[in-house]
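User: Could you walk me through this model, starting with its surface? I'd like some reasoning along with each answer.

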Amino acid sequence: MRVNDPRGRLVVITTVLGSSVALLDSTIVNVALPTIGRDLGADLAGLQWVISGYALTLAALILLGGSMGDRFGRRRAFVWGVAGFGIASVLSALSPNIATLIAARALQGVAAALLTPGSLAILQSSFMPADRMRAIGTWTGALSIAAASGPLIGGWLVGYNWRWAFWVNVPLCAVVILLAVRYVPESRNPHASKTTDAPGVLLGATGLAGVTYALTEWPTHGLSADTLTAAVGGVLALVAFILIERGSHNPMLPTSLFASRSFSVINSVTFAVYAALSGALVFLVLFLQVVAGWTALRAGAATLPLSVVMLLLAKRFGTLATKIGARSLMISGPLIAATGFVIISQMPNNPSYIVNVVPGVGLLGLGMSMTVAPLTGSVLAAAPDDLAGTASGVNNAVARTAGLIAVAALPALVGLSGGDYADPAILAPAYRMALLICAAAMVAGAALAALGLPREHARSAVALG
């Protein structure tokens, strides 16, 4: 198809709407956390699991989701993912307690693991080669608008009832399914493996779950039999996962990719940057609602400068990276983002939006704009052409895992547990320490890029993703 054809436009719209459902949900849930905690009587660990339950299943299964699309049909996998996300959203909205909500969020992550890789795979397979980058660029720009509007929509919905954060997904999912069935062509990879890497899926999920559980429960239970068993079991499962993948004929994670020094370094930078970003945004929203007393809508608007700056500048820095190389941008970008974290870490307990929030969050947006597009393009450039899709999936999984680990570990590092998040006197100093830790992670990402990437690295076309 061509992008300008009526059906081509509808295919792009369908993939944008489908991806927006998952993107909006994640931003809305962050804003809703304090309200969910009060309504369901949840402690900090429960709120962590509302985020981590989703991130865990998504990170563990996203590579499998991409391979299922190749094997069974990309449109089919996409529709399955959207339908599953809608059903899980209903279960989330109806949750009578925090345990039910966590389980429903985990199901949302399973559905998103089919939905997320499916949208880009549909664009890649549906359009003529000359139109693919234009379609992907349109998809990226539209998702940036969704990201910018997400916190505002979330704050507005939470102002009525946090359950609307999940109900809003249901009609969107229904529209996407109707459009996909009617307009999106089916495609699959005839050479895709006919076997599923079941041991890899099981060990990867078990390892991430064990480590996440240990980090989440540590502040409350300390070195108990449960946390120690989970930690040791999780680490052993992850080691076994790597060994199994190295010896598998059809691995979910081709470890041969990491033979490239650049690929390994870029994914290490990805982990540091996205761990910092995910952890900081959760703490920022908590601080503004619990300590500063802002409404959910006003707290959601705090992240608007980040999305707006990325919308305006990310593509420009992607173009610049093709001319000067990605290395310098991947060094300076995290350092600028770290400066933004330091600024917002020092905001007073009664902050001004213009004076105390916008400058730091704006710098964070500038730093992420300089980092994300060059980083994504470098991942693709560092992998063989026949593994480009897998390389992108691996990088996406690394980013999701980074957020998962950060949300689990950061409260423990700053000494928060139980109901501490609801006490302004306890949360305020913990927030400031958490933001400084996130700034240090950004600096570590810059250092990894400076020390690990060659000076002429990634002077190739950068693909936005």
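User: Which residues make the nonpolar surface patch of about 570 Å²?

Analyst: Happy to help, and please keep in mind that this is a predicted model. The patch has an area of about 570 Å². Helix H5, residues 129-160, gives the most to the patch, with three residues. The residues that make the patch are Leu 152, Trp 156, Tyr 160, Trp 164 and Leu 297.

User: Does Tyr 160 count as buried or exposed?

Analyst: Tyr 160 is found in helix H5. The cut-off for exposed is over 50% relative accessible area. Tyr 160 has 61% relative accessibility, so this residue counts as exposed.

User: Now to another helix. At which residue does H2 bend?

Analyst: Helix H2 covers residues 44-72 and reaches 40 Å from its first C-alpha to its last, close to the 42 Å expected. The helix has a bend of about 50°, and the residue where H2 bends is Leu 61.

User: How many of the 29 residues of H2 are buried?

Analyst: Buried here means under 20% relative accessible area. By that cut-off H2 is mostly covered, and the number of buried residues is 23 of 29.

User: And what is the radius of gyration of the whole chain?

Analyst: A good one to finish on! The chain has 16 helices and zero strands. For 465 residues the globule rule gives 23 Å, and the chain comes close to that, so it is as compact as a globular protein of that length, with a radius of gyration of 21 Å.

Notes
Residues numbered from 1 in each chain as written. Predicted model: local features only at pLDDT ≥ 70, side-chain atom pairs only at ≥ 80, totals over all residues. Heavy atoms only, no water. Helix = DSSP H or I, 4+ residues; strand = E, 2+ residues; numbered from the N terminus. Expected span 1.5 Å × (residues − 1). Bend = angle between axes of the 7 residues up to and from the residue. Buried < 20%, exposed > 50% of the residue type's maximum accessible area, 1.4 Å probe, protein only. Patch = residues over 30% accessible without salt bridge, like charges linked within 9 Å, V, L, I, M, F, W, Y side chains within 5 Å. Areas by Shrake-Rupley, 256 points an atom, 1.4 Å probe, with all protein chains shown as cover. Salt bridge = Lys/Arg side-chain N within 4 Å of Asp/Glu carboxyl O. Rg over C-alpha atoms; globule rule 2.2 N^0.38 Å.
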